[in-house]
6 protein chains.
Amino acid sequence: MKIKVINPNTTLSMTRSIEHAARRFVGLDTQVWAVSPQLGPASIESFYDEYLSIPGVLEEIRRGDEEQCDAYVIACFGDPGLQAARELTAHPVVGIAEAACFVASTLAKRFSVVTVLHRSRAFIEETVVGYVPREKVVSVRTTGWPVLAFERDPEAGLAAIAEESRHAVNRDHAEAILLGCAGFVDFADELAEELQVPVLDGVAAATKYAELLVTMGQRTSKVGTYASPERKQFTGLLAPFGTA
Amino acid sequence: MKIKVINPNTTLSMTRSIEHAARRFVGLDTQVWAVSPQLGPASIESFYDEYLSIPGVLEEIRRGDEEQCDAYVIACFGDPGLQAARELTAHPVVGIAEAACFVASTLAKRFSVVTVLHRSRAFIEETVVGYVPREKVVSVRTTGWPVLAFERDPEAGLAAIAEESRHAVNRDHAEAILLGCAGFVDFADELAEELQVPVLDGVAAATKYAELLVTMGQRTSKVGTYASPERKQFTGLLAPFGTA
Amino acid sequence: MKIKVINPNTTLSMTRSIEHAARRFVGLDTQVWAVSPQLGPASIESFYDEYLSIPGVLEEIRRGDEEQCDAYVIACFGDPGLQAARELTAHPVVGIAEAACFVASTLAKRFSVVTVLHRSRAFIEETVVGYVPREKVVSVRTTGWPVLAFERDPEAGLAAIAEESRHAVNRDHAEAILLGCAGFVDFADELAEELQVPVLDGVAAATKYAELLVTMGQRTSKVGTYASPERKQFTGLLAPFGTA
Amino acid sequence: MKIKVINPNTTLSMTRSIEHAARRFVGLDTQVWAVSPQLGPASIESFYDEYLSIPGVLEEIRRGDEEQCDAYVIACFGDPGLQAARELTAHPVVGIAEAACFVASTLAKRFSVVTVLHRSRAFIEETVVGYVPREKVVSVRTTGWPVLAFERDPEAGLAAIAEESRHAVNRDHAEAILLGCAGFVDFADELAEELQVPVLDGVAAATKYAELLVTMGQRTSKVGTYASPERKQFTGLLAPFGTA
Amino acid sequence: MKIKVINPNTTLSMTRSIEHAARRFVGLDTQVWAVSPQLGPASIESFYDEYLSIPGVLEEIRRGDEEQCDAYVIACFGDPGLQAARELTAHPVVGIAEAACFVASTLAKRFSVVTVLHRSRAFIEETVVGYVPREKVVSVRTTGWPVLAFERDPEAGLAAIAEESRHAVNRDHAEAILLGCAGFVDFADELAEELQVPVLDGVAAATKYAELLVTMGQRTSKVGTYASPERKQFTGLLAPFGTA
Amino acid sequence: MKIKVINPNTTLSMTRSIEHAARRFVGLDTQVWAVSPQLGPASIESFYDEYLSIPGVLEEIRRGDEEQCDAYVIACFGDPGLQAARELTAHPVVGIAEAACFVASTLAKRFSVVTVLHRSRAFIEETVVGYVPREKVVSVRTTGWPVLAFERDPEAGLAAIAEESRHAVNRDHAEAILLGCAGFVDFADELAEELQVPVLDGVAAATKYAELLVTMGQRTSKVGTYASPERKQFTGLLAPFGTA
């Protein structure tokens, strides 16, 4: 089985960490690799970045179907382009926020997300309440750090995440923590050890989730919302995305 | 005052109809014109089309700021890229679904949306309940027609919309109808006459709404969610979107 | 076009400030004036005051239709009698809480309301979540000051509002502030300047909103909820309200 | 114990039926009587009627406190003025929609309301979801009959209610029926017999509920929302409602 | 009339206090007594305890029907087995959390629950929002004390409850307090006196509520959810629960 | 890895089908077997059956921990005892309704559940909206057949399920079907083939889900809600469940 993990940003050092995390728990027969698109932003911290990462994600999905991939993971906590990807291919596509929410839901009654810049709070909240009932998510806490700062100073980054996570457990009564950025994959074990609650890295969760769907022979429903996109022309720089 | 109306698809005949509708009610001092992006899909009927229309929308916003525009309207009922546009500029940006929801809310207790393909039902529902409380929207009804078919056979198109609108009023107890596609702008008056309920064309509503915001001197909040995008590099075809 | 702004309380100094705010942004052809009813409470601070202000509001609506008014604004943040007013006339009626919610929704992802007495918190919360999805409204904060105290000591009043508004931005992550009382109209600009977020005075917003609806030729739906009241007799002091 | 039942409309034949229903189950020591206000509408079928019935309701509350009443019932299914009444007196005040919702909730998992004119559907729905979680109420069904028509032709009225009630049970899966008008008090037993599900007349329920609260020595909370109205002047016809 | 109050745990001293509270307000003709099941946990503090208390509750219901009981109260704030009890008998069954929620709703706009161990917070929240709209319940506060500790040191227990109740009123803006454990029945009066807000003991409320339902001749709906359990065999220790 | 699948009812033929379904997709190193408790009902069709199946489920969990099981599946669509099981063991416990909801959520925008008796409609609805946002679940449809009838006449049973599933797709716009009973495990493939939408058997899904959690080294959070039950005595038939 071939699972392609798409890091929607173009920072390759982050793609490598993501690949490492994605491979961690899969079976021997499961081939997993991570890619960055050939177009798009260096990191994703705003709706602007988010939407502009989607063409690259979709190009990787289309190329993936040519490469006979069996499933896809979108490895950014906003799950950019997830619904369009499900239209484009019938192979399962899993977002890391989505998988983290579902896995956390089976381990804890209530959970919090700890993430990057303050500006992302409302967006992340909106994302997760699209997957699980509102009352499951007791808080979204932000460190105020930009995405790539965690690469530059992982130690201080971990400390910042740990502090917000402790507040989530002690003040908001969270019973598990979701790491709200694909750049946090290396922190999960250490944090779980310290906090003594489940700490979910969505990359590992989503990759296993994708493997599960393939093993079960599941494919995306093509009746209704996720039917293949209508055939039509695209113009300009995006002409290659046309299907007419 | 200058208001730029962005038709996120590249079908210029539709852009002309939109411009006509957008100009209908504005003041003498308000300069309104409609454009299509130079890149993107011929029509928007899926998440795939929706997301791939956003780069073009954002390019028009950025160019608009250079052109000293005072406000923007995004003229597709899914309001593609609305939140990213609000990050990119401090001038007001209004979506046509959003404006239609707000205007309908002041005229009727309950309303329905009548739109194009069946596949859009869930997406349109999701869009409108982001603007108004769920109970306001009694149904989203679809004609099953693709967007551009309404251009090709407007008479039959109007009949199809009228039929679903009557069901909305009689079966779902709608008290107003929202036209769920920017391609329906020419149908509003005739339909309102026939149904004897308010029928909202979002293009006219959103353009007036944008004019109202400019007159009041309002600008988008730059504290939190809609702060300017972080400065960073973009790669490949999207390099021009970079801000580093 | 004639827009009548109804201050539901009988404090004429407040009616004058409201008129001033209402006129601020309207077009040259738009005639705007504010009135107080001839019956009702000196200020509105409880459900008791609220309900007892409604007969006066409705009398002004009925008289307004005789005066050939084109639209109405109800200028108290609880929007007293709004739905009955929509039954009584087919001309648009806009509430200031309603208009403030809709305008704020296009400028900010999340907002707070700052208002008067602590007792109004739950009522104001209930009012605004009738217009927009619950998650838009991050808090309702109260100064503890009665309505008319702001007239008596505007400087200290502004300071009290500013303090709660700062808490709303810093602690509740509000990205815009709604002034939750028609008595606050004079504070909007100064507060916006200080807080650097949009500060919405509902009076100006609702008057412009009413103007927009008239310009678009919109009228209230008379199918269903807002049909004209059934004809019938009224008894006692309220006999003049009868329609039989 | 003295319980005053206030029929908010001025149709005395209806007040007599209400009194009969209200007395049906109370204890020997409980004195129950029903009144109509001296001002207000002959029946309540719109927001207009509803709001204009409230001054009369409040006058009866105030007079009731002078008469040493121990509790009040507001006997119209929209519960007009309920929250203002709770401010005005510390003695318990119960609405018939409210009591019917609470009693039905202990007898059935899901219920429907059957009521009068079609225009009331949304209003009644809004009223009941203020008392119980939305999912309890599977439908609000309307007969299209005005309130007083049920007095004029009770047999045909009962048939109309029975038909909608059967639809509620068979199509909407209701497990109990709430009679959505105080004019239906005489129909409960016959309908329950026919439908073989609980059929709730809110008048009897609310009167017993009021008796229960008095027996338990409960009084309305005066901290926050339901504190006594602030003292102030009222003007014009409503001057007697002033408290300054 | 005979009302059987079932304390789902087996601690008889608590059963005696519950009986005392349950009898407090009922009529002379109402016979009330409290029992503990012959099987089950000494106290209820987890889902484990909760579910394992249900067989004993159901046995007492079945025996109660043989004893010609007219109604039942389940006297633990999680209302264990309430829905199964409603299937088993047609006589009314009332839970103490349910009755407390309904009574509090008529006395206060917003309320809080104060309860035992921290682990119960989410469970109690889930229980009460099954009865009333989410916005009624401003907080669930926990003392951290186990159930039986309140029996051992009632004075310190009352102090712990009083402290959390004060926080509920002052910080969360609660206007009434629900005592979230049947072991708190003795504290209601003293606490109400101190806090000057309604303090609801669910045991007294539910018993009166059950009396009300019997007086009104109400019985549980047997159409749909609460129909009698299907007849079938049970195995092992639970064979006596079989109905085949 | 050892995964124990608990069929909460005592019908062994059904346990065998469940075991077959549970084994279908797991890895070679995963040992899966299904058991029925030694106490409890022959099938689960009411709250009565549901609650009385829980002691048997919990006994199997406790015994499972002695048998060094790594995870558990509760194989009845109401997920009986799931939260108590999570208290009792730190090893992952997955319910089949829960797993079906999460898997369906990644494959389809909207889904329906098709299940057994009409009485279960509200209960099943309540169960699934505890896992996913309400708008995901467009309907719960019932065949009216009891659980064991599907074993006696599987062909007619499949036809009944297929009919309701078609209605779910065509009338309710479902894009996937969840089989709402563990007795339906044999129907999934045939139904998916016929309907051309994903058809989810929760048993296979939950078993794979449990395997995923074990592979990832996840354990239930013991902070808060799912902490181990407090130690205490149990009385009578349930004395063996005591922990004191």
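Me: Two strands pair if DSSP finds at least two bridges between them. In this predicted model, how do you know that strand β6 and strand β8 of chain A meet that condition?

Reply: Strand β6 (residues 111-115) and strand β8 (residues 177-179) of chain A are joined by three bridges. The condition asks for at least two, so β6 and β8 of chain A pair. The two strands run parallel, and within the pair V113(A) stands opposite L178(A).

Me: Which strands of chain A stand at the edges of the sheet, and what makes them edges?

Reply: The order in this open sheet of four strands is β7-β6-β8-β9 (chain A), with parallel pairing. β7 (137-142) and β9 (199-201) of chain A each have a single partner strand, so one side of each has no neighbour in the sheet, and these are the edges. From one strand to the next, the twist averages 25°. Helix α4 (residues 96-107) of chain A lies across β6, β8 and β9 of chain A and runs at about 150° to β9(A).

Me: How do you know how chain B and chain A are related?

Reply: A turn of 180° with a shift of 0.0 Å along the axis lays chain B on chain A, and the RMSD is 0.0 Å. The two copies are thus related as by a two-fold rotation axis.

Me: What makes it possible to say which surface chain B and chain A use to meet?

Reply: Of the interface residues of chain B, 100% are also interface residues in chain A, so the copies meet through the same surface. The contact takes 40 residues from each of the two chains, B and A. On the side of chain B that touches chain A, two or more residues come from each of β3 (40-41), α2 (47-66), α3 (82-88), α5 (121-128) and β10 (234-235) of chain B. α2(B) gives the most, with eight residues. That side of chain B has 21 nonpolar, 13 polar and six charged residues.

Me: What makes strand β10 of chain A and β3(B) a pair?

Reply: Two bridges link strand β10 (residues 234-235) of chain A with β3(B), in the antiparallel sense. At least two are required, so β10(A) and β3(B) pair across the two chains. Within this pair, T235(A) stands opposite G40(B).

Me: How many residues of chain D and chain C are in contact, and which element of chain D gives the largest share?

Reply: 40 residues of chain D are in contact with 40 residues of chain C. The largest share of the side of chain D that touches chain C is eight residues, from α2(D). By class, this side divides into 21 nonpolar, 13 polar and six charged residues. Strand β10 (residues 234-235) of chain C is joined to β3(D) by two bridges and runs antiparallel to it; F234(C) has P41(D) as its bridge partner.

Me: How do you know whether chain B and chain E touch or stay apart?

Reply: Two residues are in contact if their C-beta atoms lie within 7 Å. No contact joins chain B and chain E, and their closest C-alpha atoms are 15 Å apart. Chain C and chain F do not touch either; the nearest C-alpha atoms of that pair are also 15 Å apart.

Me: Which residues have the most contacts inside the largest nonpolar core?

Reply: That core has 558 residues, and those with the most contacts inside it are I177(A), I177(B), I177(C), I177(D), I177(E) and I177(F). Neighbours within four places in sequence aside, the residues in contact with I177(E) include F111(E), V114(E), A168(E), L191(E) and V199(E).

Definitions and conventions. Residues numbered from 1 in each chain as written. Chains lettered and ligands numbered in written order. Predicted model: local features only at pLDDT ≥ 70, side-chain atom pairs only at ≥ 80, totals over all residues. Least-squares fit on C-alpha atoms with pLDDT ≥ 70 in both. Nonpolar A, V, L, I, M, F, W, Y, C, P; charged D, E, K, R; others polar. Core = buried A, V, L, I, M, F, W, Y, C linked by C-beta atoms within 7 Å. Buried ≥ 20, exposed ≤ 12 C-beta atoms within 10 Å, placed from the backbone. Axes fitted to C-alpha atoms, helices over the stretch in contact; angles between N-to-C directions.
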